[in-house]
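This report describes a single protein chain from its fold down to individual residues. The sequence and the model come first, and the description follows.

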Amino acid sequence: MILINIVMDFKNATVNKKANVYFNGNVTSRNITLSDGSIKTLGLMLIGEYEFNTSKKEIMDITTGELEVLIANTSEWILIKDNNSFEIPANSSFKVKVHMITNYCCSYID
């Protein structure tokens with residue numbers, strides 16, 4: 001599913017200053033805990049190809065950049081650009097081909 005016009009405004013959030021670092025520093029993120037206890041990550045992906053696993057359902061909001069995503073058990077790469085998002089099921093995986101430096105916000109859904 002692709003959503004359009006993402007607006008993010010986090011009130012009363014706590015930011016973990018320590019970065020999560022993946023793929024030799026090509027992907028980094030920081031955890032944000034919202035007042036309701038939910039956790040999001042704000043991150044940056046450099047140009048390259050990466051594969052991620054999920055334990056919870058995830059919604060990836062791409063705020064700037066451009067990438068293609070291939071979600072497990074699908075055969076079609078989907079192009080995602082600025083202000084669009086995609087969903088990944090729980091206990092799954094997805095691959096990305098990042099074509100431009102990409103900023104993202106990942107929401108974890110129970």
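In this predicted model, 62% of the contacts between residues at least 6 apart in sequence join residues at least 24 apart. The chain contains 0 helices and 9 strands, and its pattern along the sequence reads β-β-β-β-β-β-β-β-β.

**Overall dimensions and surface**

The radius of gyration is 13 Å, which agrees with the value near 13 Å that a compact globule of 110 residues would have. Along the principal axes, the C-alpha trace spans about 40 × 25 × 25 Å. Of the 110 residues, 35% count as buried. The accessible surface comes to about 6700 Å², and carbon and sulfur atoms account for 50% of that area. Among the side chains, 10 are positive and 12 are negative; the centres of these two sets lie 7 Å apart.

**Strand pairing**

Three antiparallel pairings are listed below.

| Strand pair | Bridges | Sense |
|---|---|---|
| S3 and S4 (residues 39–45) | 7 bridges | antiparallel |
| S4 and S9 (residues 93–109) | 6 bridges | antiparallel |
| S6 (residues 57–71) and S7 (residues 78–81) | 4 bridges | antiparallel |

Strand S4 appears in two of these rows, pairing with S3 and with S9. Individual bridge partners show the register of each pairing. Between S3 and S4, Val27 has Met45 in S4 as its bridge partner. Between S4 and S9, the partner of Leu44 is Asn103 in S9. Between S6 and S7, Glu66 stands opposite Lys81 in S7. As a general point, side chains in a regular strand alternate between the two faces of the sheet.

**Hairpins and positive phi values**

The hairpin of S3 and S4 has 5 residues between the strands, and Gly37 takes a positive phi near 90° there. In the hairpin of S6 and S7, 6 residues lie between the strands, with Asn73 at a positive phi near 65°. Most residues other than glycine have a negative phi. Asn73 has a positive value although it is a residue other than glycine. Asn73 sits in the loop between S6 and S7, and it is exposed because its relative accessible area of 83% is over the 50% cut-off.

Asn24 is another residue other than glycine with a positive phi, in this case near 55°. Its place is in the loop between strand S2 (20–22) and strand S3 (27–33). Is Asn24 buried or exposed? With a relative accessible area of 84%, Asn24 is exposed.

**Thr14 and its surroundings**

Thr14 lies in strand S1 (residues 14–15). The relative accessible area of Thr14 is 51%, so this residue counts as exposed; the cut-off is over 50%. Which residues does Thr14 contact when its neighbours within four places in sequence are left aside? Thr14 is in contact with Asn31, Ile32 and Thr33. These contacts place Thr14 in S1 against residues of strand S3 (27–33).

Val27 provides a further reference point for Thr14. The two residues are 13 residues apart in sequence, and their C-alpha atoms lie 21 Å apart in space. Val27 is also the residue whose bridge partner in S4 is Met45.

How values were computed
Residues are numbered from 1 along each chain as its sequence is written. This is a predicted model: local features need pLDDT of at least 70, side-chain atom pairs count only at pLDDT 80 or more; totals for chains, interfaces and linings use all residues. Side-chain values use heavy atoms; hydrogens and water are left out. Two strands pair if DSSP finds at least two bridges between them. Helices (H or I, at least four residues) and strands (E, at least two) are DSSP runs, numbered from the N terminus. The radius of gyration is taken over C-alpha atoms; the globule rule is 2.2 Å times the number of residues to the power 0.38. Buried means under 20% relative accessible area, exposed over 50%, partly exposed in between (1.4 Å probe, protein chains only). Contact means heavy atoms within 4.5 Å. Accessible areas come from the Shrake-Rupley method with a 1.4 Å probe; for residues, only the protein chains shown count as cover. Lys and Arg count as positive and Asp and Glu as negative; His and the chain ends are not counted. The place of a charge is taken as NZ of Lys, CZ of Arg, CG of Asp or CD of Glu.
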